[in-house]
Every structure is written in C-alpha cells, then in structure tokens.
Amino acid sequence: MERHFHQTLWNQVESQATQVPAIYGDMDFATLPERFTTNPSGDGLQGFEKLIPEIMADASLIEMMAAYTMTGDPLADAYAARIPEFGFRQLISWLTTACDKGVEAVPDAPDELRAFLAAMEARPKWLDMNLVREGARIERNHYAHLVPFAIRGAFLATFMNKYSALPMALTGQLSDQLAAKRVHETATFFTLTVMPGALERQGAAFKAAAMVRLMHAMVRFNVMKHKGLWDTRVYGVPIPQVDQMPAGQIGSFLIAFRALKDGREQFTAEERARIEIGRYRCFLLGLPEPLLGDTPRSVARLMLARQATLRGGYDEATCGTLVRGTMNTELSFDTSLPGKIDRELERSFSKAFFIKHFLQGDTKRAARMGVTYTLKDRKLALIAATRIFSQLRVFGFLADIPVVRKFADRLLVGKLEGLLKRYGQASFESDAASYKSGQRAHN
C-alpha cells in the first residue's frame, strides 16, 4: 500500500521493532499481512452495504486502518517484554501495586512500568469526566438488566473471523472449561467501568484496564517468541489496535448507527454521555484517539472501515471451536429455581442477540457454526426480552424523576455489585504454559 497520508503514523509503526525487539524485531512492516484487504468480502457488513463504497474510496481512512492493523500496544508491550527477567507474575504484582498505591510504591520500578502508567494517567484534552460520570450512570441500567443476558452472544461475535480470533485459540483460554472464565472477565471489566468512581485514577476499572492491556501484551510476547506458532505474513500483529475496536466500541457503534438511521448527524445529550464513557474506556485500553469517533458518522465509519479491511475467513479449527466452547459453557451455577430459570433464559436470549445483531437473522448460518436456535429458544428469548426491556423502561422512567433518581441508582449499583460477585474475581493474565504449543497458525 502506498503511504501518502500518514507518514508519521507509519514511522511509529516501524519504530516498534526498535522499541520492543523481543516482540517486533522480526516483523516486516513494509508488507501488509494477508488479513488486511481492500476488497471487502461482506462478512459482518450485512445491512451496511450502501456505506461501504464511500468508506473504501477514502484512501486516507483505509491507509490509517492499515497502519493500525500493524500496531500493537508499545507501552504495555515493552513492559511485557521484561518477562524473561522478572517472570509474568512479578510484572502483574508490580502493576497491581502501582495501580493501587502509585508507581512510587514499587521499589526500583522498571522504566517501562513508569511509562505505561504515566500514559494511562495523562487524561486527553478532549476528556470531560463529568460527562463520563453521567454516561456511567446511564449505562448502569443496561449493565444491570441487558448485559448479563447478552454478553455471551456479543462474545460469540468476536470469533467470526479466524484472523482476529486466532490469538485466543492459541492461548487455550477459550477451551470449553475456561470459556466461562473469559466471558466473566469481560463482563467484569465492562461492568466495573460503570460503577461509581471506578474510572477515576484510584478506581477499580482503571486498574482493570491496565491489567487487560498487560494481558494482551503478554499474549503478543508469548505467541511471537515461539517460532512457527504465529505467521506474521498471514496474521500480522497479534491483537492489533483495530481488533480492540469491536469489544470497546460495539455499544457506541449501535448508538451511532441508530442516530444515522434517524437522520441525525449529532448525538442527543444522553447518547453523548454514553459515547464519552465509551471513548474514555477505550483510551484506557490503549486505543489511539484517531480510532475514537465523536459523531454518529465518524463512529460508524471507523467501525465499518475496520470490518471492511479485515479479510473474511471462518474456519472450524479456530472459529468453530471457540463458538461452540463459549455457547456450551455454563455461566452460572445458581441451583435455585430462579437461578435455573435465568440460565435457560440467558442461553436462549444470547443466541437471539447473536443471530439478530451479527448474523442478520440467518439461523441456518448460526446452525452451521454450532448455534442451534429452536422454537423453544425463540419462546424463551421472547420471555427474556420482555423482562429485560420492561426493567430497562422502569429504571429509565425512574431516572427521569429527580426525587427518586438517586434511590433508583442505588438499586442499580446494588444489582451490579451482586453481578460482580457472580462473575467472580478476574485475573486478567496470560500464562505461556497454558498455550497450545502444538497448534500453529495456519491459512
């Protein structure tokens, strides 16, 4: 690809080889990997076809996507690259202490740790923390009532493409027995971000974001150090910046697309608050500002550009295993009657959510992936949806009444605290010993 618009960005891409040679020393940054394409296959773009030609004609945007396809997380990567000297558990311990007490509390803290934390602590100029706090208040309703039933379905969507799903398959972290752990860790992180004060410097979500970044960096370090485990010519950088976008911004994308569908080029006040918390959450996870849209059109175009430039590719060995493992795992072990009912409702609703939002209602395609959607599932999903959206409406109504708003918010916080206990303590770590050493990246 010709480099006409973003030479400074390309310089940063290539500098990864000297900044973190343990991970990027053998990378050929002059050649784009097979995963990147300028000929969209249509995968994940159904319903948005009319927008794609204009997006693909924007050479500057596509070049930026190419650059971020080749970009990891240099600051977290540099810290993870100290694993051979200190071990991954020591790095985790130091990061935990630095988040809780400040980097000064870590004796002889590595320079890489100092740089990593300093970048997270430096709030961007665009950030409005009051808007973030308002966004968290609004989002609590969704995380208390909708997310527990939709998280499995949303998680399935990350396994639709072999190029982006392979790191999870290689680490072995989404085998049947560990699928629930990763789903719960994801739910824990995003739920933490909407708790009161959690995104402040000393908050639990700030710390969780740092741990997630280190976990991803450890994945990059471990898969790249094993020759033959990862083919950079095919897959490029493991977990590149563009692959952070779907998890971090799917909610923002749905809000943006709904606004565009309504003919609006600006967000409402409530939407704007929800977008702001999404942007700051992504910032803490390391996403660069150019990937964080702030208008309906910019959010939608960025997400669609990412999807359009990711070559289509679904295979059973990678995607099928991950989809079935995640769908088959138990996410709750509550043996009470309400608990058993919720388990049935959640599984069926998650199937409906996945099929509607990511497969455009194609139940036959879902079945080929191992997600069967029966008449029973339809009925249970309808029951779950009725309950979920009734709760959303009730708490949305209460939030509009000043005299009961704080009381309703306390109820939501209590519900979320209960959910966090159910999700369990998230470890956010990647141990090379658990990797599938015999599995190689393949076409």
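Among the contacts in the chain with a separation of 6 or more, what percentage is accounted for by residues 24 or more positions apart? In this predicted model, such residues account for 79% of those contacts, and with that figure in mind we can turn to the elements from which the chain is built. The chain contains 22 helices and 0 strands, and its C-alpha trace spans about 55 × 50 × 45 Å along the principal axes.

The overall dimensions can also be compared with a simple expectation. Because a compact globule of 443 residues would have a radius of gyration near 22 Å, the value of 21 Å found for the chain agrees with that picture.

What lies inside can be approached through burial, since buried residues make up 56% of the 443 residues in the chain. In soluble globular proteins, nonpolar side chains tend to be buried together. Here the largest nonpolar core has 143 residues, and those with the most contacts inside this core are Met-65, Leu-95, Leu-113, Phe-349 and Phe-354. Helix H13, which covers residues 204–225, contributes the largest share of this core, namely 14 residues. To follow one of the central names, Leu-113 touches Tyr-79, Trp-94, Leu-95, Ala-98, Val-103 and Val-106, when residues up to four places away in sequence are not counted. Apart from the largest core lies another core, of 5 residues, which includes Ala-256, Phe-267, Ile-275 and Val-299.

Turning to the outside, the chain exposes about 19,300 Å², of which carbon and sulfur atoms supply 56%. As for charge, the chain has 56 positive and 48 negative charges, and the mean positions of these two groups are 6 Å apart.

Key:
Residues are numbered from 1 along each chain as its sequence is written. This is a predicted model: local features need pLDDT of at least 70, side-chain atom pairs count only at pLDDT 80 or more; totals for chains, interfaces and linings use all residues. Side-chain values use heavy atoms; hydrogens and water are left out. Helices (H or I, at least four residues) and strands (E, at least two) are DSSP runs, numbered from the N terminus. The radius of gyration is taken over C-alpha atoms; the globule rule is 2.2 Å times the number of residues to the power 0.38. Buried means under 20% relative accessible area, exposed over 50%, partly exposed in between (1.4 Å probe, protein chains only). Contact means heavy atoms within 4.5 Å. Accessible areas come from the Shrake-Rupley method with a 1.4 Å probe; for residues, only the protein chains shown count as cover. Lys and Arg count as positive and Asp and Glu as negative; His and the chain ends are not counted. The place of a charge is taken as NZ of Lys, CZ of Arg, CG of Asp or CD of Glu. A nonpolar core is a set of buried Ala, Val, Leu, Ile, Met, Phe, Trp, Tyr and Cys residues joined through side-chain atoms within 4.5 Å.
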